[in-house]
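Visitor: I would like to go through this model with you and hear the reasoning behind each label. Could you set the values beside the cut-offs as we go?

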Amino acid sequence: MKIDVEYLEFMWPMRHFLITSGDSQNNPNILTVSFCMPVSKDPPLIACAIGRSAYSCRLIESSEEFVVNVPSKNLTKEIYYCGFHSGFTINKFNETGLTPQAARKLKVPIIDECVAHMECMLKQAISTGDKKLFIGEVVEAYADEAIVKGIKKIEYAKGEYPRKVYATRFNNNYYSV
Ligand SMILES: Cc1cc2nc3c(=O)[nH]c(=O)nc-3n(C[C@H](O)[C@H](O)[C@H](O)COP(=O)(O)O)c2cc1C
């Protein structure tokens with residue numbers, strides 16, 4: 001027997017990424033995304049679907065740039081913190097202790113603790129439903145030398161549908177850093 005499900009539930013587990021964005025005063029923000037994928041190799045394009053009500057949505061629309069930072073598993077706590085708190089009310093760099101580092105080409109910082117970084121200039125923003133799909137051209141891509149040279153193996157951060165995680169782990173302080 002088959003029963004009805006919410007379609008998203010079976011798209012998981014998915015990889016997690018940390019998107020950095022910023023305002024004109026260079027106040028940076030961090031957002032956790034899993035709806036993030038390459039959509040062209042030449043030119044190099046990445047698409048991220050970001051909630052219309054997220055602070056990051058507003059920041060990317062106005063600054064037209066963002067960075068896709070690749071966290072490894074050791075940043076799981078920070079990933080969930082940034083995914084359940086909004087930059088409208090807090091500074092997530094201060095709250096998590098993650099370190100903003102100057103990007104190569106953009107004003108938006110990268111997250112030093114992440115292993116790889118894709119600096120993106122916004123090419124297109126498409127309204128989907130409750131999300132906006134931001135398509136960015138990768139203008140710089142770089143990663144930790146040990147990972148690129150294969151000396152160290154990346155342990156990708158990925159996980160279950162956040163709603164499920166939220167329900168099971170919220171009570172044991174999982175989202176505090
Ligand atoms: C594991 C995980 C994955 C998430 N993936 C997305 C995503 O792909 N798109 C999105 O808009 N929000 C996603 N979220 C939720 C946002 O990270 C969350 O709404 C965040 O608080 C918005 O932050 P902001 O208001 O500072 O931009 C995810 C949350 C978690 C925990």
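Visitor: Which atom of Tyr-55 lies 2.9 Å from an oxygen atom of the ligand, one of the backbone or one of the side chain?

Guide: Bearing in mind that this is a predicted model, the atom of Tyr-55 that lies 2.9 Å from a ligand oxygen is a backbone N or O atom. A polar contact asks for a pair of N or O atoms within 3.5 Å, and therefore the 2.9 Å pair at Tyr-55 qualifies under that cut-off.

Visitor: What makes the approaches of Asn-29 and Gly-87 to the ligand polar contacts?

Guide: In Asn-29 a polar side-chain atom is 2.9 Å from an oxygen atom of the ligand, whereas in Gly-87 a polar backbone atom is 2.6 Å from a ligand oxygen. The limit is 3.5 Å, so the distance at Asn-29 and the distance at Gly-87 both meet it. As for how far the ligand is enclosed, the protein covers 87% of the 650 Å² of accessible area that the ligand has on its own.

Visitor: Which residues come nearest to the ligand, and which helices and strands each supply at least two residues of the shell?

Guide: Among the 23 residues around the ligand, the nearest are Thr-32, Gly-51, Ser-56, Ser-86 and Gly-87. Strands S3 (28-33) and S5 (45-51), together with helices H1 (55-63) and H2 (76-84), each contribute at least two residues to this shell, which by class comprises 11 nonpolar, 10 polar and 2 charged residues. The space that the ligand takes is the largest pocket.

Visitor: Why is Ser-34 called buried, and what does its side chain contact?

Guide: Ser-34, located in the loop between S3 and S4, has a relative accessible area of 11%, and because buried means under 20%, Ser-34 is counted as buried. The side chain of Ser-34 makes a polar contact of 2.8 Å with the side chain of His-16.

Visitor: Why is Asn-26 called partly exposed, and what is its phi?

Guide: The relative accessibility of Asn-26 is 47%, and since the partly exposed class runs between the 20% and 50% cut-offs, Asn-26 counts as partly exposed. Asn-26 sits in the loop between strand S2 (17-22) and S3, and although it is not a glycine, it has a positive phi of about 60°.

Visitor: How do you know that Glu-64 is partly exposed, and where is Glu-64 found?

Guide: With a relative accessible area of 46%, Glu-64 falls between the limits of 20% and 50%, and therefore it is partly exposed. Glu-64 is in the loop between H1 and strand S6 (65-70), and its phi, near 60°, is positive in a residue other than glycine.

Visitor: Why does Thr-99 count as partly exposed?

Guide: The value for Thr-99 is 29% relative accessibility, and because buried would require a value under 20% and exposed a value over 50%, Thr-99 is placed in the partly exposed class. Thr-99 belongs to the loop between helix H3 (92-96) and strand S7 (100-101); from Pro-44 it is 55 residues away in sequence and 27 Å away in space, C-alpha to C-alpha.

Visitor: What is the omega of the cis peptide bond from Trp-12 to Pro-13, and of the one from Asp-42 to Pro-43?

Guide: For the cis bond from Trp-12 to Pro-13, omega is near 5°, and Pro-13 lies in the segment before strand S1 (14-15). The bond from Asp-42 to Pro-43 is cis with omega near 5°, and Pro-43 is placed in the loop between strand S4 (36-40) and S5.

Key:
Residues numbered from 1 in each chain as written. Predicted model: local features only at pLDDT ≥ 70, side-chain atom pairs only at ≥ 80, totals over all residues. Heavy atoms only, no water. Near = heavy atom within 4 Å. Polar contact = N/O pair within 3.5 Å; in protein donor to acceptor, adjacent residues only side chain to side chain. Areas by Shrake-Rupley, 256 points an atom, 1.4 Å probe, with all protein chains shown as cover. 1 Å grid on protein atoms, 1.4 Å probe; cavity = no way out; pocket = protein on both sides within 12 Å on 5 of 7 lines; lining within 4 Å. Sits in = over half its atoms within 2 Å of the grid points. Helix = DSSP H or I, 4+ residues; strand = E, 2+ residues; numbered from the N terminus. Nonpolar A, V, L, I, M, F, W, Y, C, P; charged D, E, K, R; others polar. Buried < 20%, exposed > 50% of the residue type's maximum accessible area, 1.4 Å probe, protein only.
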